[in-house]
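Grab a coffee and open the viewer. Below are some exercises, each followed by a worked solution.

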Amino acid sequence: MNIIIDENMPVAECLFSPFGHLTRLPGRQIQADQLAEADALLVRSVTRVDERLLSQAPRLKFVGSATIGTDHVDQALLAQRGIAFANAPGCNKISVGEYVISALLVLAERHQLHLAGMTLGVIGAGNTGTAVAERARALGMQVCLCDPPLADAGDPREFVPYEVALCSDVVSFHVPLTHEGPYATWHLLDEAALAVLDGEQILINACRGDVWDNRALLARQLSPDPLRLVMDVWEHEPALLTELVPHTELATPHIAGYSLEGKVRGTYQVYEAFCAWQGLAVSQAFTPLLPPPAFGQLAVQQAPDQDLLKRLIHLVYDVRRDDALFRHGFAEPADFDRLRKHYPERREWSSLRLTAQAGCEQLAALGFTLAAHP
Ligand SMILES: NC(=O)c1ccc[n+]([C@@H]2O[C@H](COP(=O)([O-])OP(=O)(O)OC[C@H]3O[C@@H](n4cnc5c(N)ncnc54)[C@H](O)[C@@H]3O)[C@@H](O)[C@H]2O)c1
Ligand SMILES: O=C(O)[C@H](O)[C@H](O)COP(=O)(O)O
């Protein structure tokens, strides 16, 4: 079997080499003629899987994407051609949750905000939105969820309309990019939505760039009442509207989901789907694919306040590292992909083992690994 794999999929050799011959290619540059002999294609979000790419792929029978998002894949076309498809739902939801909380702690410090009691509107209450909501609640934030598709489908959680969620102190977007239908999300944050926001509000986009109208946003940022923006994703990546970057509080190159655990989980979920498609049992375990965490064990002596939480969280991952790398390293579109390809290793909070006494349950709710105090 010939398997074409995006070169940025960790642990792919180990998981897929037993199935056949692997060819690793830069995802954004995979060409139709390179699929002439391919039986399976494993991609990330930068490969557009469409009519053009599949025009010379007579043998192709399986496409996997090691991502949550699927807007780069023409799934109707795959179904029509009898090509199986799998993505990796939820694979990097913890990573996105941790990115958003790190960003909030940075902005809280910068603007002297106390997060407990502040309101957070989560737009899209699926895997990543829920991961953000759970962590924000653990910090004492008042969370409201906006998800009309789930509300209409009878999800028992309480939901608010978009207009209500937009009034929150922080509004964080976690929707898929869709262009059609009653719930289309393209330019969900447009000029009209921007007009109701005030300059004290924090807006976070860690879903897809095109969900925000970046030109309208730039106009707002150049006005006397700019917003506090955290942007991980951008319209037209990698050729983004560079003028917007200096008008953000935090700017990163689409790496919110790039924890090592999140990326390895993405490859692993595609491997599981591939095994199922082949009618084979999964023979490799997930945990041994990860290196041991570089952290020792820390003792927490008291119930943590916002400052101690920030220090613990930023010991493992501080979004300012990625913001600095982006601001200094991004000048042209090729830099966007280079920064993503050479992303420094980042672990999830669970990799920091804490011993804590009673009263520190919040740490477990945030996702740290807790052992009882000796
Ligand atoms: N920046 C990153 O690194 C990163 C990482 C993971 C995912 N993502 C993006 O985030 C998106 C969401 O991820 P997820 O795991 O939460 O997906 P998910 O499918 O679990 O949840 C998405 C939710 O959005 C809701 N939704 C759809 N249209 C909506 C609308 N108009 N208004 C409000 N809610 C709406 C859906 O009902 C669903 O519950 C992905 O599709 C992907 O594009 C980005
Ligand atoms: O949809 C996802 O899972 C994320 O956006 C993912 O982190 C994107 O990373 P990429 O596939 O572009 O490397």
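A residue counts as buried if 20 or more other C-beta atoms lie within 10 Å of its own, exposed if 12 or fewer, and partly exposed in between, with C-beta atoms placed from the backbone. Before you start, note that this is a predicted model, where local features need pLDDT of at least 70 and side-chain atom pairs count only at pLDDT 80 or more, while totals for chains, interfaces and linings use all residues. Residues are numbered from 1 along each chain as its sequence is written, and chains are lettered from A and ligands numbered from 1 in the order in which they are written.

**Exercise 1. Burial of two residues**

Task: work out whether Asp305 is buried or exposed, and do the same for Leu354.

Solution. Start by placing Asp305: it sits in the loop between β12 (297-300) and α10 (306-316). (Helices, H or I with at least four residues, and strands, E with at least two, are DSSP runs numbered from the N terminus.) Now count: Asp305 has 10 other C-beta atoms within 10 Å, so it is exposed. Its C-alpha atom is 9.2 Å from that of Leu139, with the two positions 166 residues apart along the chain.

Next, Leu354 belongs to strand β13 (residues 353-356). It has 20 other C-beta atoms within 10 Å, so it is buried. Leaving aside neighbours within four places in sequence, its contacts are Leu298, Val300, Leu363, Phe368, Thr369 and Leu370; a contact means C-beta atoms, placed from the backbone, within 7 Å.

**Exercise 2. Two domains**

Task: find which stretches make up each domain, and how many residues of each are in contact.

Solution. First, the bounds, which come from an automatic or database domain assignment: domain 1 is 2-87 + 259-288 and domain 2 is 93-251. Second, the spacing: their centres, taken over C-alpha atoms, are 30 Å apart. Third, the contacts: six residues of domain 1 touch seven residues of domain 2. On the domain 1 side, those residues are one nonpolar, three polar and two charged. (Ala, Val, Leu, Ile, Met, Phe, Trp, Tyr, Cys and Pro count as nonpolar, Asp, Glu, Lys and Arg as charged, and the others, Gly among them, as polar.)

**Exercise 3. A five-stranded sheet**

Task: give the strand order of the open sheet of five strands, then say which helix packs on it.

Solution. Walk across the sheet and you get β2-β1-β3-β4-β5, with parallel pairing; strands pair if DSSP finds at least two bridges between them. The edges are β2 (21-25) and β5 (84-86), each pairing on one side only. Now zoom in on β3 (residues 40-43) and β4 (residues 62-65), which run parallel and are joined by four bridges. Here Leu42 faces Gly64 in β4. Finally, helix α9 (residues 260-278) packs on the sheet, touching β3, β4 and β5, and its direction makes about 160° with that of β4. (Axes are lines fitted to C-alpha atoms, for helices over the stretch in contact, and angles run from 0 to 180 degrees between N-to-C directions.)

**Exercise 4. Strand β8 and its partners**

Task: which way do the residues of strand β8 (residues 170-173) point?

Solution. Val170 and Ser172 point one way, Val171 and Phe173 the other, and all are buried. Then look at the partners: β6 (residues 119-123) pairs with β8 in the parallel sense over four bridges, with Val122 opposite Ser172. β8 also pairs with β9 (residues 202-205), again parallel over four bridges, and there Phe173 stands opposite Asn205.

**Exercise 5. Unusual backbone, and a ligand shell**

Task: check phi of His254 and find which residues surround ligand 2.

Solution. Begin with the general rule: most residues other than glycine have a negative phi, and most peptide bonds are trans. His254 has phi near 60°, a positive value in a residue other than glycine. It lies in the loop between β11 and α9 and, with 23 C-beta neighbours inside 10 Å, counts as buried. His236 also has a positive phi, about 60°, but with 11 such neighbours it counts as exposed. The peptide bond from Glu237 to Pro238 is cis, with omega near 5°.

Now the ligand. Around ligand 2 are Asn8, Arg44, Ser45, Val46, Thr67, Ile68, Gly69, Asn92, His254, Gly257 and Tyr258, where near means a C-beta atom, placed from the backbone, within 6 Å. That shell divides into three nonpolar, seven polar and one charged.

Terms used
Two residues are in contact if their C-beta atoms, placed from the backbone, lie within 7 Å.
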